[in-house]
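Welcome to a short set of exercises on reading a protein structure. Take a look at the sequence and the model, then work through each task before you read its solution.

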Amino acid sequence: MENGMQQRIAPVDGGRPTGRFRNTTYVINESRPYFDAAHANDLMAVQGRSTTGRTVILGNGPLDSRPEVIDYVRCSYLGLDNHPMVVAGAIEAIEAHRSLHWSCARTRLNFDLLAELEAILSKMFCARVLAFSSVMLANLGAMPILASGQLTGGRKPVVVFDRIAHISLAYHKPMVADETRVETIAHNDIDALDRLCRENPVVAYVCDGVYSMGGNAPIKELRQLQERYGLFLYIDDAHGISLFGRQGQGFARAQFPQVLGDRTIIAASLGKGFGASGGILMLGTAGQETLFRRYSIPHAFSAAANLASVGAALGSCKIHRSAELGQRQRRLGQRIELFDRRVTTAEQGNSLPIRMIAIGSEAKAIGIARQLLEGGFYTSVTFFPTVGQGKAGIRVCITADHEVSDIERLCDRILEKVTDTTDKPWTGTRVP
């Protein structure tokens, strides 16, 4: 199978990128064969319908004639996207307003339920919370304000990006560079960041809290640099929200003092662990809130999240303020530990729900993902540009809604298929 697939996904000679921040043509030329192969193997753009737990019925047509799979793709780590209170909240919000969407900027008119949501989240997370339609839009609105120096006493900071910061952050580098100097450092390179802080009067660091391909930011060390140099931290914790903290503050927010302060902004998703839809910014001061409400482009010149999203988030807030949240957090932890006992990965032993099965060859990774799908398990095959070329793998998103038997059967299948495809026993390291 691999030999045939290698012919289909042989690299295209597109030339190395020449731009400092943009390499669109190169990325498309190099990755198109991998995308083509993944689509041909029904691993991307899959249609389906969720039922209970993590079961998804694939395809279209009568439900009783369609195959079922266990989904390890969705990032609803606590299983809240199917929760009755979340679904009911969306329906109740639409019925209350007899509307889904108001077509005006938020500087003009806002749903009262949206104001209620922001107030509840602000209290839960001990921050001034602004809601957006997505985390991408939240980041888009924040980046030019950060680069302008408005958040750092009028002095434009050197904005330093972690090399593997999510594309919803890294995409804005050219816009940031139009305002100020941009640097990119190796992943979690605290020494390089320390050096830049010593060499420059004002520095801002942009990173993820929990990284989408596994791992996390060293929050403790980043806070030490913040205390030593006044480093401004902009942390996108889309994959960490709800999983940590008594009210789901998230991986990053749970490691900061009760008062967030004026040198930290945390972005987060309401559509992953939170189980609803949309994104938020956690701000530390009233001045920052006023600034963002007036000058964040998605806030000032775009419509707000629709009422279904708002209502769903309000439903999730009720869960977050109940004992059920802790129960689901513990249930998730148990399932992560079960997976780690069976399959060794680079993430083994951490408390995060993302596990990467490192394969290496794009052809092998696509082949293994297809065999897992045929066995009833839908996982995410990852390849360039999501990861580096020749570093393809399988991403597994573990959730509190996965049954123990779901995890055990997936582990059996992974161990079997990786060994079959590579002719080597699985050790959790990259297969050449």
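**Exercise 1.** In which loop is the place of P385?

*Solution.* Keep in mind that this is a predicted model. Step one: find the strands on either side, β13 (380–382) and β14 (392–397); P385 sits in the loop between them. Step two: check the peptide bond leading into P385 from F384, which is cis, with omega near 15°. Step three: compare this with the general trend, in which most peptide bonds are trans.

**Exercise 2.** Find out whether D42 and S242 are buried or partly exposed.

*Solution.* Begin with the backbone. Phi is near 60° for D42 and near 80° for S242. Both values are positive, and neither residue is glycine. Most residues other than glycine have a negative phi.

Next, place the two residues. D42 belongs to the loop between α2 (24–40) and β1 (48–50), while S242 belongs to the loop between β8 and β9.

Now apply the cut-off: buried means under 20% relative accessible area. S242 has 0%, so S242 is buried. D42 has 45%, so D42 counts as partly exposed.

**Exercise 3.** Describe the salt bridges of D42, D401 and D340, and say which parts of the chain they link.

*Solution.* Take the pairs one at a time.

- D42 pairs with R370, with the closest N and O atoms 3.5 Å apart. This pair links distant parts of the chain, as R370 is in helix α14 (residues 362–374), 328 residues apart from D42.
- D401 and R328 meet through their side chains at 3.7 Å, N to O. D401 lies in the loop between β14 and α15 (404–422) and R328 in helix α13 (residues 323–342), so this bridge ties together parts 73 residues apart in sequence. Both D401 and R328 are buried.
- D340 pairs with R355 at 2.8 Å between the closest N and O atoms. Here helix α13 is linked with strand β11 (residues 354–360), and the partners are 15 residues apart. D340 counts as buried at 9% relative accessibility, and R355 is buried at 0%.

To finish, look for shared partners: R54, D71, R74, D81, E324, R328 and D401 are joined into one network.

**Exercise 4.** Which residues of helix α10 are buried, and what covers them?

*Solution.* First, list the buried residues of α10 (residues 286–295): Q288, E289, L291 and F292. Second, look along the axis: these residues cover an arc of only 165°, so they lie on the same side of α10. Third, look at the cover, which includes β4 (128–132), α5 (135–148) and α11 (297–300).

**Exercise 5.** Which residues touch the most other members of the largest nonpolar core?

*Solution.* This core has 103 residues, and the ones to pick out are L121, M282 and F339. Now follow F339: leaving out residues up to four places away in sequence, its contacts include T345, R355, I357 and V396. Apart from the largest core lies another, of 27 residues, with Y234 and A238 among them. In soluble globular proteins, nonpolar side chains tend to be buried together.

For contrast, turn to the surface. M136, I167 and Y171 form a nonpolar patch there, with about 300 Å² of accessible area together. Y171, in the loop between α6 (167–170) and α7 (173–177), is partly exposed at 44% relative accessible area.

Notes
Residues are numbered from 1 along each chain as its sequence is written. This is a predicted model: local features need pLDDT of at least 70, side-chain atom pairs count only at pLDDT 80 or more; totals for chains, interfaces and linings use all residues. Side-chain values use heavy atoms; hydrogens and water are left out. A nonpolar core is a set of buried Ala, Val, Leu, Ile, Met, Phe, Trp, Tyr and Cys residues joined through side-chain atoms within 4.5 Å. Buried means under 20% relative accessible area, exposed over 50%, partly exposed in between (1.4 Å probe, protein chains only). Contact means heavy atoms within 4.5 Å. Patches are made of residues with over 30% relative accessible area and no salt bridge: like charges are joined within 9 Å, nonpolar side chains (Val, Leu, Ile, Met, Phe, Trp, Tyr) within 5 Å. Accessible areas come from the Shrake-Rupley method with a 1.4 Å probe; for residues, only the protein chains shown count as cover. A salt bridge is a side-chain nitrogen of Lys or Arg within 4 Å of a carboxyl oxygen of Asp or Glu. Helices (H or I, at least four residues) and strands (E, at least two) are DSSP runs, numbered from the N terminus. The arc is that of the directions from the helix axis to the C-beta atoms.
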